[in-house]
Amino acid sequence: MKLLLDIALTHIKGRLRQTVLSVIGVMTGVGFSIALASLMTGSQQDFIDRIVNSSPHVVVKDEYRNPPRQPVERHYQNGAVSLSGVKPKEELRGIRNPKPHVVSLNGIPGVAAAPNLRGEVVMRYGGKDVSAALVGIEPKLERRVSEIEEDLTAGFLDDLYTVANGVILGRGLADKLGVEIGSTLSASSPAGVLLKMKVVGIFHTGIIAMDQAQGYALLKRVQVLLDRPNVVNAIHLRLKDATRAQGMARRIEARMGYRAESWQEANQGVLEVFKIRNIIIYTTVSSILIVAAFGIFNIVSTITFEKVRDIAILKSIGFEERDIRRLFLFEGLMMGCIGTILGWVLGYVLYRLLGAVRVEVAMFTEWTRLPVLFSLTHYLIAGAAAIIAATVAGYLPARKAARLNPVDIIRGTT
Amino acid sequence: MNGSALIETRAMTRVLPGPVPVTLVRDIDVTVGAGEFIAVTGPSGSGKSSLLYLLGLLDRPTEGTVWLKGIDTETLTEDGRSGVRLARIGFVFQFHFLLPEFTIIENVLIPMRRLGGCPEGEMRERAAAILDDLDLAENLERRPHQLSGGQLQRAAVARALANDPPILLADEPTGNLDTKNADRVTDIFQDLAHSGERAVVMVTHNPDLAARADRRIHVVDGRVAEDL
Ligand SMILES: Nc1ncnc2c1ncn2[C@@H]1O[C@H](COP(=O)(O)OP(=O)(O)OP(=O)(O)O)[C@@H](O)[C@H]1O
Ligand SMILES: [Mg+2]
């Protein structure tokens, strides 16, 4: 074995420049795939973290997943009844008398629930009209469900209780209106109610849609403003373990009848986009590795051509086909392994560099640094891919060399 | 089958298949015994090399049998034949076939290391001793390109002797050498055959060298025309 390695090394040394080039090829493939993977999973994880942190894990909505069963169907449970063209009655939407629901949801271990009433209002300040979503909350419940309190850059959540008609605005919204803490603006709803409200807090979540067009006020005030007494349109839930949101949503829906949506369901579209993005990235990276593999294949083939005499004499001395195959496989593998190790280093360096880059990106969320994620899995997958590629690239010429008939070469060499 | 024979062939024929089959050798019956120094002669293209490859298990006959120390080589697998070549047979060709990146002693060590079974230090000693016997003591650490033709050919002989094989097969080993060096290599072969249980079979075009052998096998058109 050691003997084969020694021979393999002399072959590689004899083609140092080419070897270095294909090692660089492997290194680049491995390094960039690690860097891209850390960036991809980093931004994905960042996005999911933000969703998980800033939005409810489960939202119980004031709607039903399927239209209610019609009385005729309910009556003839087993009858061959089929209805078509049913027009559901226009019901005033909303979860009426939400309190018992909220109390019972809060009773589930690991669950915090808070009611929410959301409506479009027009806010006016100093002659500027800005339409915004106003969310009515119960601060003492809300602080256990959302991060609104941590996101406050000015003011206190409890000021909603103490200041009459207090309102908390997103930073972008406050800027658009030109208001500050203490300003009094007027809010009018489609129901025709007008309310003077005092700005008691400013928040900044980093999620653009929220910061630019959302405000919070006391649930009671918003019910008045929207003229929907004792009604909420959602109950927000936060779970100790966000990964269990889907199961929890299903159970709650079965129990309460209202549609309960997990964060995964709510963000399905974006999560799908991530999947597609990952496929594109991995395809790109695989093609870098395939090019690197061609480099290895090329060198090992060249060496086998160059060394036919050595192969012939080794075989006539008594080396088996297997020995020759191993010899050239080693050469491919050496390049693959060295390339992989260097690629790991390159990947780590790129990961650190990318993580240090300052950026101002405003897509779904605001970043100040590229979110990168360190995961050993990336290193293992990239390394395994490179080594498999190197093995295949070395094996093909190795097999050919091993099958060479020494007599043919020896006859031709005088 | 002769019990004391190292190699024995019976009706050995080798035909290259193809649209026009080529007969390399036909109906060869030869016996090579221990301590014999045999010269194989014959015109160019008569099948001398082909015969040697068959005797050395580098090639398989299409008909007939080859026994090696009483073993029917037909029954051996390809790996089995490799094993026999490694331990029992030494080859020397017209070209030295030394690996250019390795020193002379490393080249001699290659068959030893492949066979294994003894410590590296001991192998080195043995290799140095073989090279010393062949007057190459000064060149152990030199690379092939630093040696003369005669030295290279002696180094190739040293490698063939690495695992102390009972059979040494040489195909025009002196073809590239001047008279003096050719004589010297022939001396070595003669000594190797006569000093022990070894058999040496040497293909040569040179009648003077052939004359020094104990036996001459003359090949014409792939057949043994004379075995004296
Ligand atoms: N692969 C092959 N295809 C066709 N013919 C071949 C092949 N190999 C050998 N031959 C032929 O077989 C015959 C025997 O060849 P071989 O090399 O054994 O002769 P030789 O006696 O060693 O000749 P020389 O003295 O020139 O070395 C020659 O006529 C040669 O042309
Ligand atoms: Mg010949």
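1. In this predicted model, the side chain of Arg309(A) lies over the face of Phe95(B), at 4.1 Å from the ring centre. A second placement of this kind involves Arg114(B), whose charged end sits over the ring of Phe319(A), 5.7 Å from its centre. In the first case chain A supplies the arginine and chain B the ring, while in the second the arginine belongs to chain B and the ring to chain A.

2. Phe319(A) also appears in the largest nonpolar core, which has 76 residues and in which Phe319(A), Ile324(A), Phe328(A), Leu51(B), Ile89(B), Phe93(B) and Leu169(B) are the residues with the most contacts inside the core. Helix H16 of chain A, residues 376–403, gives the largest share of this core, namely nine residues. Apart from this core lies another one, of 53 residues, including Val102(A), Val167(A), Met197(A) and Phe274(A).

3. For a view of the surroundings of one residue of the largest core, Phe328(A) may be selected. Once neighbours within four places in sequence are left aside, Phe328(A) is in contact with His11(A), Val300(A), Ile303(A), Thr304(A) and Ile311(A), and also with Gly394(A), Ala398(A) and Ala401(A).

4. A search of the whole structure for aromatic pairs finds nine over all chains. One of them joins Tyr351(A) and Phe374(A), a tilted pair with 5.6 Å from centre to centre and 55° between the planes. Tyr351(A) lies in helix H15 (residues 321–356) of chain A, and Phe374(A) in the loop between strand E14 (366–369) and H16 of that chain, so the pair ties together parts that are 23 residues apart in sequence.

5. The two partners of this pair may also be described by their accessibility. Tyr351(A) counts as buried, at 16% relative accessibility, whereas Phe374(A), with a relative accessible area of 40%, is partly exposed. Ring pairs link both of them with Tyr348(A) and Tyr379(A) into a cluster.

6. A charged residue that deserves a separate look is Glu261(A), which lies in strand E12 of chain A, residues 260–262. Glu261(A) has a relative accessible area of 12% and counts as buried, because the cut-off for that class is under 20%. The side chain of Glu261(A) makes a polar contact with the side chain of Lys61(A), at 3.4 Å, and another with the side chain of Arg259(A), at 3.3 Å.

7. Leaving aside neighbours within four places in sequence, the contacts of Glu261(A) are with His57(A), Val58(A), Val59(A), Lys61(A), Ala249(A) and Ala266(A). Lys61(A) thus stands both in this list and among the polar partners of the Glu261(A) side chain.

Terms used: Residues are numbered from 1 along each chain as its sequence is written. Chains are lettered from A and ligands numbered from 1 in the order in which they are written. This is a predicted model: local features need pLDDT of at least 70, side-chain atom pairs count only at pLDDT 80 or more; totals for chains, interfaces and linings use all residues. Side-chain values use heavy atoms; hydrogens and water are left out. A nonpolar core is a set of buried Ala, Val, Leu, Ile, Met, Phe, Trp, Tyr and Cys residues joined through side-chain atoms within 4.5 Å. Buried means under 20% relative accessible area, exposed over 50%, partly exposed in between (1.4 Å probe, protein chains only). Helices (H or I, at least four residues) and strands (E, at least two) are DSSP runs, numbered from the N terminus. Contact means heavy atoms within 4.5 Å. Rings of Phe, Tyr and Trp (its six-membered ring) pair if their centres lie within 6.5 Å; planes under 30 degrees apart count as stacked, over 60 as edge-to-face and the rest as tilted. A charge sits over a ring if NZ of Lys or CZ of Arg is within 6 Å of the ring centre and within 35 degrees of the ring normal. A polar contact is a pair of N or O atoms within 3.5 Å; within protein, one must be able to donate a hydrogen and the other to accept it, and residues adjacent in sequence count only if both atoms are side-chain atoms.
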